[in-house]
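Thanks for making time, everyone. I'd like to walk you through one model and hear what you think of it.

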Amino acid sequence: MTDPRLTLLQGVRDYYSSKLAEHGPHPSGVDWSSVERQRERFRQLTCNIGEGPNSVLDLVCGYGALWDYLVGEGKVVRYLGLDISGPMIAQARTLHADLPDCVFEVGSQPRPGYEHVVASGIFNVRAGVDRATWEAHVQDTMRVMFEACEKTCAFNFLTSYSDADRMSPALYYADPRKVLDFCITRLSLDVELSHHYGAWDFTVRVLKQRSGGGAEVDGHLSGRILPD
């Protein structure tokens, strides 16, 4: 059965495949400006993951840079990278050949069996999809990521607080307040939102185990925005 996300994301797939063809396996190939910026986003996405062993599902993994970061931080033993771009997966497999606990597959549907499910830059490029349809896709993706994870899921967004003259109509800028509200009311009471790390984006981490998972764990909200 065809994954409906793959139909919606055809333009996104083509966009990133062209970036890889232009820049190769480099942060520019997945639309980040530098190695340092890419690593900082990885740090924000994975700061609730302790030292290994861990299992991590990387949704829209690009050429597999998150695996290298996690290994360097001592945080991963079992890893699955999914991406909608065939060329990205081919490049990731080439760079990470003969690693039995590191698997790359074409796909866009998170699956259970992983403690942590993360996605970096997955919501930024709309590629012509109208805003209402894209926001429905974003919410559905956040939900399935949370349902698939055993401990945490994490994702980032370009922020709607970006300078107006630097915002591109081709990109999606999310309102942090709306994302936080969705996560607290629909996913879990235990949510962290970081908007302080010097980039025009923010990171959300949703935890299952600390509050038990789900939005009706107890009677008060434990979601929090980390200060600038």
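I'll start with confidence, then go to the sheet, one helix, a loop serine and the cysteines.

So, this is a predicted model: local features need pLDDT of at least 70, side-chain atom pairs count only at pLDDT 80 or more, and totals for chains, interfaces and linings use all residues. Numbering runs from 1 along each chain as its sequence is written, and side-chain values use heavy atoms, with hydrogens and water left out.

How confident is the predictor? pLDDT, its confidence in each residue from 0 to 100, has a mean of 83 for the protein chain, and 77% of the residues reach 70 or more. The weak stretch is residues 211–228, where pLDDT stays under 50. The model still has 42 contacts there beyond four places in sequence, a contact being heavy atoms within 4.5 Å. Where pLDDT is low, the predicted coordinates should not be read in detail.

Now strand 4. Helices (H or I, at least four residues) and strands (E, at least two) are DSSP runs, numbered from the N terminus. Buried means under 20% relative accessible area, exposed over 50%, partly exposed in between, with a 1.4 Å probe and protein chains only. On that scale 6 of the 6 residues of strand 4 are buried, so this strand is largely enclosed by the rest of the structure.

Who are its neighbours? Strands pair if DSSP finds at least two bridges between them. Strand 1 pairs with strand 4 in parallel over 3 bridges, with L57 opposite V117 as bridge partners. Strand 5, residues 149–159, also runs parallel to strand 4, joined by 5 bridges; there A119 partners F155.

Next, helix 4, residues 65–72: A65, L66, W67, Y69 and L70 are buried. Their cover includes helix 3, strand 1, strand 2, strand 3 and strand 4. After the helix comes G74, with a positive phi near 70 degrees.

One loop residue I like is S188, between helix 7 and strand 7. S188 is buried, at 0% relative accessibility. Its side chain reaches the backbone nitrogen of D190 at 3.0 Å and the backbone oxygen of L207 at 2.8 Å.

Last, how many disulfides are there? The search finds 0, taking a disulfide as two cysteine sulfur atoms within 2.5 Å. For C102, the nearest cysteine sulfur, that of C61, is 8.6 Å away. For C149, the nearest is that of C153, at 4.7 Å. C102 is buried at 7% relative accessible area, and C149 is buried at 2%.

Terms used:
pLDDT is the predictor's confidence in each residue, from 0 to 100. A polar contact is a pair of N or O atoms within 3.5 Å; within protein, one must be able to donate a hydrogen and the other to accept it, and residues adjacent in sequence count only if both atoms are side-chain atoms.
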